[in-house]
Amino acid sequence: STWPERGEIQVNDVSLRYAPELPRVIKNVTFHVEPNNKIGIVGRTGAGKSTIITAFFRFLDPESGSIVIDGVDITKIGLRNLRQAITIIPQDPTLFTGTIRSNLDPFDQYDDNQIFEALKRVNLITANEPNLGESSENQNKFLNLSSTVTEGGNNLSQGQRQLMCLARSLLKSPKVILLDEATASIDYKSDATIQKTIRDEFSSSTILTIAHRLRSIIDYDKILVMDAGKVVEYEDPYVL
Ligand code: ATP
Ligand code: MG
């Protein structure tokens, strides 16, 4: 069975705290996302944006409320299945120690051409011009699928690690993608590439993007504004 098939999300009155003795950092959050919609999540630092995304992977379960995808409460799905079915691209992604290939295709499901295609579509390799304005040495890393990825992916930039995660998602084409944009230190080119990939390649996926730059989400379907753990606005971008 392929869950989720449509990518409709309902977050129902979710409240969440990191530990019983700590205060609630998500407070009665409710919102609904139509299949294939692109939703931008914004709000000041500490508003709870990353925390709500974390809840989709059940690193932390709500103390009340529920997250429902295509009519199924995510607590009813096995953890392994849940984490395979939806894709989270964290603020500062960690890669596996290994190679470019083992990171993009850990279960050996794709041939080299499919992997190269995904790397091209996220602009980590380009036909002629050097990638990301950096040295061709850097580009060669992605042209050779056996290039080493050192612990956590620390021989790649944060932007490149996010692009690697996006390339992995392209191979899987998941219905639900949650992207926690890098806060700082991401170069303009990788940032623009990430947004362009989302627009061009994921038209039939539901995407929630935590955005730190408004230009990332100006053409999104809706913007969810969070403040101090609550939803304070949920509107078309032109209204805000
Ligand atoms: P930013 O824009 O800086 O990424 P954010 O909106 O993603 O901020 P969160 O990381 O979701 O904010 O944090 C929300 C609240 O939860 C903050 O008050 C933060 O201190 C707290 N918090 C986050 N992670 C933990 C943790 N592991 N343990 C305890 N409290 C945490
Ligand atoms: Mg965050």
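This dialogue explains how to read several features of the structure above.

Visitor: What should be known about the model and its numbering?

Guide: This is a predicted model, in which local features need pLDDT of at least 70, side-chain atom pairs count only at pLDDT 80 or more, and totals for chains, interfaces and linings use all residues. Residues are numbered from 1 along each chain as its sequence is written, while chains are lettered from A and ligands numbered from 1 in the order in which they are written.

Visitor: How are two packed helices described, and at what angle do the axes of α6 and α7 cross?

Guide: Two packed helices are described by the angle between their axes and the distance between the axes. Helices are DSSP runs (H or I, at least four residues), numbered from the N terminus. Axes are lines fitted to C-alpha atoms over the stretch in contact, with angles from 0 to 180 degrees between N-to-C directions. Here the axes of helix α6 (residues 158-172) and helix α7 (residues 188-201) come within 9 Å and cross at roughly 15 degrees. That makes α6 roughly parallel to α7, a term for angles under 35 degrees.

Visitor: Is Y220 buried or exposed?

Guide: A residue is buried if 20 or more other C-beta atoms, placed from the backbone, lie within 10 Å of its own, exposed if 12 or fewer, and partly exposed in between. Y220 has 22 C-beta neighbours inside 10 Å and therefore counts as buried. Y220 lies in the loop between β10 (206-210) and β11 (222-227); strands are DSSP runs of E, at least two residues. The C-alpha atoms of Y220 and G40 are separated by 6.6 Å, although these residues are 180 residues apart along the chain.

Notes. Parallel < 35°, antiparallel > 145°, perpendicular 65-115°, else oblique.
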